[in-house]
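I opened this notebook to keep track of what I looked up, one entry at a time. The structure comes before the notes.

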Amino acid sequence: MTLVRVQNVSFGYSADRRILDDVSLDIAVGDTIGLVGESGSGKTTLLRLLLGLARPDSGTISFDGQKLDPSNRAFMRDFRRQAQVVYQDPYSSLDPRQTIFSIIAEPLRSLKIGGDHAKLVGDALEAVGLDRDVAARYPHQFSGGQRQRIAIARAIVPGPRLLLADEAVSALDLTTRTRIVDLLSRLSQDMSLLFVSHDIGVVAALCRRIVILEKGRIVEAGDTRQVLAQPQHPYTQRLLASVPRLSLTQEPS
Ligand SMILES: Nc1ncnc2c1ncn2[C@@H]1O[C@H](COP(=O)(O)OP(=O)(O)OP(=O)(O)O)[C@@H](O)[C@H]1O
């Protein structure tokens, strides 16, 4: 079943420069997709469109069969609950003046989700491998990896069906990165994941499918292992050539 359908989407921040050019992409329920491309290829821009933060100049994006329409407030409120995002920098993405509880409960408040917030926040903390008691503390008391867990807890607390991760492990050291990739892999069993990354090794470990973006165009897409073992497009071949010793033996879990 298709959760997100991107059809022939083009977009530019200004009329004279196209950033995304005729992009089409389906995200199925339970999919894990790695979106890979050099800096400036348009990955973050595509995420912004997928979140409804910008509108395509042409083409459509639909979620669960319904067209994404930022002017439809009721639809967007429901959509925001279902599609959440984790960003790269775990230092700037958490407000230092708020407790961990307040940070993680924020989507519950802003999306007007009822229920026992203390329990929902505690459950989210446990789901990301943190103790429920940390809710009373502040961000400065945590390491980069722990902060990224907190950012992930905030993203999953409303129970999204789609998690978008924008270079979510790029700022972390290697050991911490592996742990957060393991966490995302576990969480992706319950939701679809679109994982934006420069790091093809991480995508190989985490994502069943890979989409390669060059200058706003999808030049290759398919099963990750197949694409990485036999890249068809010269751009993919160049990207892979710049990864010296990529291990393709690890199966995405
Ligand atoms: N708000 C904006 N206004 C104008 N141009 C922008 C804006 N945001 C991004 N761009 C331009 O759009 C192009 C694509 O940027 P985008 O951030 O989507 O690429 P990216 O693939 O995510 O790059 P990176 O990996 O460096 O984050 C770049 O040339 C960038 O300068």
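Leaving aside its neighbours within four places in sequence, which residues is V9 in contact with? I noted first that this is a predicted model, and then I read off the contacts of V9, which are L20, V23, L49, P56, G59 and I61.

Next I looked up where V9 sits, and I found it in strand β1, which covers residues 2-11. I entered V9 as buried, because 22 other C-beta atoms lie within 10 Å and 20 or more are needed for that label. I also checked V9 against D22, and the two are 13 residues apart in sequence but 4.8 Å apart in space, C-alpha to C-alpha.

I then turned to the sheet, where 4 strands in the order β2-β1-β4-β5 form an open, antiparallel arrangement. Its edge strands are β2 (20-28) and β5 (66-67), each of which pairs on one side only. Between β4 (residues 58-63) and β5 I found 2 bridges, with the strands running antiparallel, and I noted that F63 stands opposite Q66 in β5. Helix α1, residues 43-50, lies across β1, β2 and β4, and runs at about 120° to β1.

For the ligand, I listed the surrounding residues as Y13, I19, G37, S39, G40, S41, G42, K43, T44 and T45. Sorted by class, this shell has 2 nonpolar, 7 polar and 1 charged residues.

Last, I consulted the UniProt record, an unreviewed entry, which places the feature "domain: ABC transporter" at residues 4-240. I noted that this span is 37% helix and 24% strand, and that its end C-alpha atoms lie 28 Å apart.

Note on methods
Residues numbered from 1 in each chain as written. Predicted model: local features only at pLDDT ≥ 70, side-chain atom pairs only at ≥ 80, totals over all residues. Near = placed C-beta within 6 Å. Nonpolar A, V, L, I, M, F, W, Y, C, P; charged D, E, K, R; others polar. Buried ≥ 20, exposed ≤ 12 C-beta atoms within 10 Å, placed from the backbone. Contact = placed C-beta atoms within 7 Å. UniProt positions renumbered as here; feature names shortened; annotations may be inferred. Pairing = 2+ DSSP bridges. Axes fitted to C-alpha atoms, helices over the stretch in contact; angles between N-to-C directions.
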